[in-house]
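Here is a short briefing to read with the model open. Keep the sequence to hand as you go through the points.

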Amino acid sequence: MRIIINGNRSKGTISKNIYGHFAEHLGRCIYGGLYVGEDSDIPNVNGMRTDVVEALKDLNIPVLRWPGGCFADTYHWQDGIGPKENRKTIVNTNWGGVTEDNSFGTHEFLELCRQLGCEAYISGNVGSGTVQEFSDWVEYCNMGGISPMASKRRENGREEPWNVKYWGIGNEAWGCGGNMRPEFYGDLCRQYSTYLRNYSDDHRIFKIASGANVDDYKWTETVARQAGRFVDALSLHYYTLPSDDWGHKGAATGFTEEEYYSVLRKTLYMKTLVENHANVMRLADPKGRLGLVVDEWGTWYDVEPGTVPGFLYQQNTMRDALVAAINLNIFNDHCDTVVMANIAQTVNVLQAMVLTEGEKMVLTPSYHVFHMYKGHQGAKQLETYAETHLVGTDKDKAPNLHVSASEAKDGTVLLTVANLSGTEASPIEVMWSGIGVRGSVEGTVLTGATGDFNSFDAPETVRPQTMQGICTTADGFSAVLPACSVAAFTIRAEQ
Ligand code: AHR
């Protein structure tokens with residue numbers, strides 16, 4: 001199968017924020033996953049788990065979205081500041097009805113971002129909050145001079161503003177964020193946006209309107225038309241489920257061949273969604289100023305047997321690695337539209353990077369894909385073409401290969417390829433033009449049976465390995481991709 005990299009054609013720079021993450025007050029994502037508190041026996045720095053932070057730092061996470069999700073539209077940020085013993089205890093009504101003691105609030109989230117070295121993306125409460133409350137939150141985080149909120153921040157121990165750039169104006173306003181109609185939300189979005197102020201010309205904020213669910217193009221069209229000029233981007237949420245029945249989504253492990261290919265086919269639908277939403281946005285925004293922020297994506301399965309249903313805890317297999325690879329390839333190739341994406345969710349929830357159990361931590365196959373793809377962050381997208389054939393079942397077919405490529409500032413080209421076939425290896429013959437003379441080619445491959453996963457007892461079942469058998473030619477190379485694999489090839493410029 002031939003793969004061609006055309007260095008003469010590019011859609012532009014792949015925003016590093018496409019490799020963003022999402023952490024909600026949901027199940028064990030924040031509590032137990034990212035944050036254990038300063039008094040925990042689990043090693044931590046200012047309450048953040050050292051093992052998890054170190055693992056995530058290695059992904060170069062560019063941006064982290066918080067506090068939700070549905071939780072965001074029930075969250076009143078002032079409950080989560082000040083001395084912890086005085087913080088209000090609330091009920092997390094969206095996710096299992098558990099008690100939320102607000103010990104992880106604004107200061108803790110921004111401390112986590114500091115430790116990770118990433119930007120913060122805060123989703124404000126539009127569904128059950130007020131314009132004043134949201135406006136005050138921005139002032140609390142970003143006001144450098146003297147003001148009521150800046151003084152409050154200083155009283156709570158933080159002198160300098162954090163200059164939080166990314167602000168989401170509600171979440172899923174069409175659903176858990178208020179069950180609004182797009183016309184109503186469009187007006188509300190304008191109102192909220194008006195009072196989310198810039199406190200420094202050097203740190204202007206980036207406003208993200210609550211966008212559509214899957215293929216709700218009417219939502220995108222209406223919100224872009226009514227509120228587009230008051231925001232910088234609209235969001236999109238699309239999850240991949242094995243079945244179409246939210247009551248019986250399908251298991252994360254032990255799935256059938258039908259479920260394997262169903263998930264891959266449905267993942268490929270992301271391309272159609274991104275293109276259609278972009279086209280619809282352009283009706284209101286012909287110059288293409290508005291970006292698309294896919295701030296929730298990933299797999300959603302039935303929870304692991306014996307776990308709390310509202311905690312959305314699921315295992316993560318090679319199938320999920322392919323889902324990550326396909327989505328990231330799609331986002332890379334639509335970098336002229338997709339300005340940010342945030343996989344749901346970072347730890348212990350849905351398609352997680354990391355799973356924890358007490359003091360134990362395991363890296364998932366999806367983690368390894370993000371690691372193998374990190375060279376795409378901030379690189380120049382390059383056009384690719386792949387010869388493919390269809391694989392799958394009678395009902396669900398997909399091309400066997402899925403590809404993207406980019407060129408970093410130092411000239412290094414990264415080619416990422418997924419072999420979607422669960423059973424067939426695929427020889428590939430890669431050719432390039434327009435990228436100059438190349439020195440070496442190295443590869444890393446992640447492979448296994450479709451249902452292989454890492455557990456606390458066997459944490460290294462799925463791990464990246466050096467790709468063997470790469471044969472270089474004058475303007476390319478050949479290799480063989482194992483069945484069900486994700487490979488990353490680094491093609492270095494000649495020294
Ligand atoms: O990620 C889990 C939930 O999925 C989020 O809270 C919500 O925005 C979406 O429906």
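What follows covers the barrel, its helices, the ligand site, the outer strands and some backbone details.

The model is predicted. Its strands include a closed barrel of 8, with parallel pairing. A ligand has 13 residues around it. Two cis peptide bonds also deserve a look: one joins Trp66 and Pro67, and the other runs from Gly68 to Gly69.

**Barrel**

- The strand order is β3-β6-β9-β10-β11-β12-β13-β14, and the barrel closes.
- From one strand to the next, the twist averages 30 degrees.
- β3 covers residues 20-22 and β6 covers residues 63-66. These two strands pair in the parallel sense, over 2 bridges.
- Within this pair, His21 stands opposite Leu64 of β6.

**Helices on the sheet**

- Helix α6 spans residues 217-227. It lies across β11 (206-213) and β12 (233-240). Its direction is at about 150 degrees to β11.
- Helix α8 spans residues 318-333 and packs on the sheet. It touches β12, β13 (291-299) and β14 (338-344). Its direction makes about 170 degrees with that of β13.

**The α8 and α9 pair**

- Helix α9 (residues 365-373) packs with α8 at an angle of about 35 degrees. The two axes are 7 Å apart.
- The crossing of α8 and α9 is right-handed.
- On the α8 side, the contact is made by Met318, Asp320, Ala321, Ala324, Ala325, Leu328, Asn329 and Asn332.
- On the α9 side, Pro365, Ser366, Val369, Phe370 and Tyr373 take part.
- By class, the contact has 9 nonpolar, 3 polar and 1 charged residues.

**Ligand site**

- Which residues come nearest to the ligand? Of the 13 around it, they are Glu24, Cys70, Glu172, Tyr239 and Glu296.
- Cys70 offers a polar backbone atom, which is 2.8 Å from an oxygen atom of the ligand.
- Glu172 uses its side chain: an N or O atom there is 2.8 Å from a ligand oxygen atom.
- Glu296 also uses its side chain, with an N or O atom 2.7 Å from an oxygen atom of the ligand.

**Strand β1 and its partners**

- Strand β1 (residues 2-6) runs parallel to strand β22 (residues 426-433), and 5 bridges join them.
- Ile4 stands opposite Met431 in β22.
- β1 also pairs with strand β17 (residues 380-386). Here the strands run antiparallel, with 4 bridges.
- Ile5 stands opposite Thr384 in β17.

**The β15 and β16 hairpin**

- Strand β15 (residues 354-357) and strand β16 (residues 360-363) run antiparallel, joined by 4 bridges.
- The bridge partner of Val354 is Leu363 in β16.
- The two strands form a hairpin with 2 residues between them. In the turn, Gly358 has a positive phi of about 55 degrees.

**Backbone details in the loops**

- What is the omega of the cis peptide bond that joins Trp66 and Pro67? It is about 5 degrees. Pro67 is in the loop between β6 and β7 (90-92).
- The cis bond from Gly68 to Gly69 has an omega near 20 degrees. Gly69 is found in the loop between β6 and β7.
- Leu312 is not a glycine, yet its phi is positive, at about 50 degrees. Leu312 is placed in the loop between β13 and α8.

Notes. Residues are numbered from 1 along each chain as its sequence is written. This is a predicted model: local features need pLDDT of at least 70, side-chain atom pairs count only at pLDDT 80 or more; totals for chains, interfaces and linings use all residues. Side-chain values use heavy atoms; hydrogens and water are left out. Two strands pair if DSSP finds at least two bridges between them. Axes are lines fitted to C-alpha atoms, for helices over the stretch in contact, and angles run from 0 to 180 degrees between N-to-C directions. Contact means heavy atoms within 4.5 Å. A crossing is left-handed if the near helix is turned anticlockwise from the far one by less than a right angle, and right-handed if clockwise. Ala, Val, Leu, Ile, Met, Phe, Trp, Tyr, Cys and Pro count as nonpolar, Asp, Glu, Lys and Arg as charged, and the others, Gly among them, as polar. A residue is near a molecule or strand if one of its heavy atoms lies within 4 Å of it. A polar contact is a pair of N or O atoms within 3.5 Å; within protein, one must be able to donate a hydrogen and the other to accept it, and residues adjacent in sequence count only if both atoms are side-chain atoms.
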